[in-house]
Amino acid sequence: MRVREDGLVVAINATLLSWTGLARSQVVGRRFDVLCTLPTRILLQTHLLPLLMGSGRGDELHLTLRGADGAPLPVLANAERRALPEGVVIDWLVLPMRQRHRFEQELLDARRAADAANAAKSEFLSLMSHELRTPLNAIIGFTRILHKSPTVASDARARDFLARVEANGRHLLALINQLLDLTRIEAGHDEPELAGTDVVALVREVVARLEGQPRAPGVALVVEARDGLAPIVTDAVRLSQVVVNLVGNALKFTHAGAVAVVVVDDGRLPVAIEVRDTGIGIPADRLEAIFSPFEQAERGTSRRYGGTGLGLAIARVTCARLGMTLTVRSTVSEGTTFRVDLPTSPTAP
Amino acid sequence: MPPDIVRRNHVRVSGRGTRPLVFAHGFGCDQRMWRFVAPAFEATHKVVLFDYVGAGRSDAAAWSATRYASLDGYAADLVEVLDALDLRDAIVVGHSVSAMVAVLAASRAPERIAALAMIGPSPRYLDELPDYRGGFAADDVHGLLAAMDHNYLGWASSLAPMVMANAERPELAGELAESFCSTDPVMARAFATATFLGDNRRHLAAVRVPTLVMQCTDDLIAPDFVGAYVHERIAGSRLVRLQATGHCPHMSHPTEVIAVLSDFLGDAAAS
């Protein structure tokens with residue numbers, strides 16, 4: 001189909017004409033919009049024609065014609081503007097795409113359904129977490145009170161049982177809190193609070209806090225960082241949580257050697273935080289899985305080492321929210337390095 | 001000037017004149033719609049271009065579903081741009097729905113807006129038969145909104161960035177490597193709703209500033225009846241029927257638009 005710059009149809013071929021069910025005389029000499037449904041007319045007027053006038057061509061444009069049977073006919077069109085001796089024209093090449101349109105529609109519907117199901121899942125998790133926390137806090141609270149009762153104080157067996165009840169209650173509470181964190185972050189309900197942050201000071205503070213955490217005898221915990229680096233803009237509390245998680249893990253899985261927290265810099269700015277350990281390592285085929293909720297490198301790890309299996313999942317989504325990337329490299333029995341690449345711009349997260 | 005508004009609305013100021021001339025784009029593309037017209041006024045005016053939040057290179061993070069659910073939100077954008085640049089007695093050139101946005105802005109900030117130039121304005125796109133013929137039946141508009149909801153690909157991928165060679169206007173190649181019509185479907189739908197379902201007819205009588213109404217030939221979006229209606233309801237307005245056809249004469253027939261606008265600006269300056 002050839003259309004003048006002012007939108008009047010100059011020529012149209014028999015095939016396209018047959019799709020529309022119109023006579024040639026009803027189309028030639030009239031605005032080509034008459035072929036289209038109203039939404040397409042608006043799309044044409046407000047978006048596509050300005051684009052064509054500015055750019056000279058449009059590829060794979062989705063339009064809807066009024067079909068001969070009265071039903072909308074989705075088509076794919078390429079348009080090209082040409083300067084001819086008799087004036088500027090736009091040549092349109094039009095292909096029907098009913099079938100493809102239906103596939104696209106099904107895909108979109110499926111995606112919408114999946115998104116909705118995922119949102120419902122997060123909503124359910126967050127609701128359940130709240131519901132679970134309340135009775136659990138009562139269990140932990142009353143266990144503590146029982147500890148102080150004279151009958152329990154004099155009974156070693158009862159004390160031991162109560163301690164187990166409390167420890168398990170706390171573990172469950174930590175799990176639920178982390179689940180809540182994860183769903184909140186995934187739902188985007190946590191606005192980062194951005195401020196200038198001294199990364200080296202932050203790392204030193206985290207390490208000082210973890211000095212007292214139980215670890216294998218002889219395992220050293222060291223910080224390698226250069227002083228005097230410029231601050232970066234980020235959410236210090238969230239970044240601390242990530243570093244606490246990584247260092248805590250490293251201490252847990254290292255039986256000999258050292259855990260080093262390294263602030264990598266470019267001479268002026270910190271560019272990454274690395275947590276290097278000489279621990280048990282992670283098999284190559286498990287390296288990505290550890291970032292999925294409830295995964296640890298090996299089944300049974302949880303029983304041996306404790307932990308909820310949510311820490312790294314939270315660390316990764318937190319990093320993503322802060323414009324950082326969390327990656328890992330590891331060699332089994334030699335050690336593991338987690339690396340947080342910090343945002344490159346000093347002013348933006 | 002406050003950098004946040006300038007950044008938020010991607011405000012661009014040029015020109016050697018002092019009288020502010022502000023170009024407001026309509027539903028669809030962005031400030032680059034004005035690129036064949038705006039430069040013609042740089043010798044005589046302070047030319048201001050901006051994108052509404054949700055369009056063009058505006059800061060999408062500043063978009064909110066409630067603020068931009070009605071034209072008031074877009075009018076607030078315009079007033080905030082005028083405030084940010086501390087412009088007084090500006091002439092606002094509004095395309096399509098932006099003509100009504102400018103009307104709302106003029107009643108909010110009368111000290112900032114001294115004249116209105118409207119291209120294809122419409123205060124009400126829906127028909128209110130028998131007295132008012134906006135050009136669209138309610139079913140049409142709901143069909144449009146449903147199409148935007150269900151036909152995400154039809155809207156979004158048609159507007160995907162295209163790198164194109166333009167033999168006629170090679171100077172545009174770089175600028176247009178990035179599509180100036182690319183649109184977030186959610187934001188575009190909100191703008192379409194505010195545009196096509198709004199009724200701003202009652203605001204026309206309140207316009208007290210010199211007003212130019214440019215009406216295109218064969219405009220399917222803002223038909224002739226509507227241009228005449230706007231002209232009748234704004235006391236002292238001037239109606240000019242353009243030779244230009246379609247809905248975007250500033251893209252398709254810039255020379256005519258420049259001539260009509262220059263004429264109006266000359267008179268506005270004299271008054």
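# Exercises on a predicted two-chain model

A:V75 sits in strand β4 (residues 72-84) of chain A. The model is a predicted one, and the exercises below start from this valine.

**Exercise 1. Is A:V75 buried or exposed, and which residues does A:V75 touch beyond four places in sequence?**

Step 1: take the accessibility. A:V75 has a relative accessible area of 0%. Buried means under 20%, so A:V75 is buried.

Step 2: list the contacts. Leaving out residues up to four places away in sequence, A:V75 touches A:L61, A:H62, A:L63, A:L65, A:V94, A:L95, A:P96 and A:M97.

Step 3: pick one partner and compare sequence with space. A:L63 is 12 residues from A:V75 along the chain, while their C-alpha atoms are 5.4 Å apart.

**Exercise 2. Describe how α8 and α10 of chain A pack, and place A:T318 in that picture.**

Step 1: choose the descriptors. Two packed helices are described by the angle between their axes and the distance between the axes.

Step 2: fill them in. Helix α8 (residues 236-253) of chain A packs against α10(A) at an angle of about 145°, and the axes are 10 Å apart. The crossing of α8(A) and α10(A) is left-handed.

Step 3: name the residues in contact. From α8(A) come A:R238, A:V242, A:N245, A:L246 and A:N249, and from α10(A) come A:G311, A:L312, A:A315, A:T318 and A:C319. Sorted by class, the contact of α8(A) with α10(A) has 5 nonpolar, 4 polar and 1 charged residues.

Step 4: zoom in on A:T318, which belongs to helix α10 (residues 311-321) of chain A. Its relative accessibility is 3%, so A:T318 counts as buried. Apart from neighbours within four places in sequence, A:T318 contacts A:I185, A:R238 and A:V242.

**Exercise 3. Which backbone features of chain B deserve a second look at B:H10, B:D89 and the bond from B:L129 to B:P130?**

Step 1: recall the usual case. Most residues other than glycine have a negative phi, and most peptide bonds are trans.

Step 2: check the two phi values. Phi of B:H10 is near 45°, which is positive; B:H10 is in the loop between α1 (3-8) and β1 (12-14) of chain B. B:D89 has a positive phi of about 55° and is in the loop between α2 (71-84) and β4 (90-95) of chain B.

Step 3: add the accessibility. B:H10 is buried at a relative accessible area of 13%, whereas B:D89 is partly exposed at 41%.

Step 4: check the peptide bond. The bond from B:L129 to B:P130 is cis, with omega near 5°. B:P130 lies in the loop between β5 (113-119) and α4 (138-150) of chain B.

**Exercise 4. How many aromatic pairs does the structure hold, and how are B:F23 and B:W34 arranged?**

Step 1: start from the total, which is 18 aromatic pairs over all chains.

Step 2: classify one of them. The ring centres of B:F23 and B:W34 are 5.0 Å apart and the planes are at 45°, so the pair is tilted.

Step 3: locate the partners. This pair links distant parts of the chain, 11 residues apart: B:F23 is in strand β2 (residues 20-24) of chain B, and B:W34 is in the loop between β2 and β3 (46-50) of chain B. B:F23 is buried at 0% relative accessibility, and B:W34 is buried with a relative accessible area of 0%.

Step 4: finish with charges over rings. A:R316 lies over the face of A:F291, 3.7 Å from the ring centre. In chain B, the charged end of B:R201 sits over the ring of B:Y132, 4.7 Å from its centre.

Technical notes:
Residues are numbered from 1 along each chain as its sequence is written. Chains are lettered from A and ligands numbered from 1 in the order in which they are written. This is a predicted model: local features need pLDDT of at least 70, side-chain atom pairs count only at pLDDT 80 or more; totals for chains, interfaces and linings use all residues. Side-chain values use heavy atoms; hydrogens and water are left out. Helices (H or I, at least four residues) and strands (E, at least two) are DSSP runs, numbered from the N terminus. Buried means under 20% relative accessible area, exposed over 50%, partly exposed in between (1.4 Å probe, protein chains only). Contact means heavy atoms within 4.5 Å. Rings of Phe, Tyr and Trp (its six-membered ring) pair if their centres lie within 6.5 Å; planes under 30 degrees apart count as stacked, over 60 as edge-to-face and the rest as tilted. A charge sits over a ring if NZ of Lys or CZ of Arg is within 6 Å of the ring centre and within 35 degrees of the ring normal. Axes are lines fitted to C-alpha atoms, for helices over the stretch in contact, and angles run from 0 to 180 degrees between N-to-C directions. A crossing is left-handed if the near helix is turned anticlockwise from the far one by less than a right angle, and right-handed if clockwise. Ala, Val, Leu, Ile, Met, Phe, Trp, Tyr, Cys and Pro count as nonpolar, Asp, Glu, Lys and Arg as charged, and the others, Gly among them, as polar.
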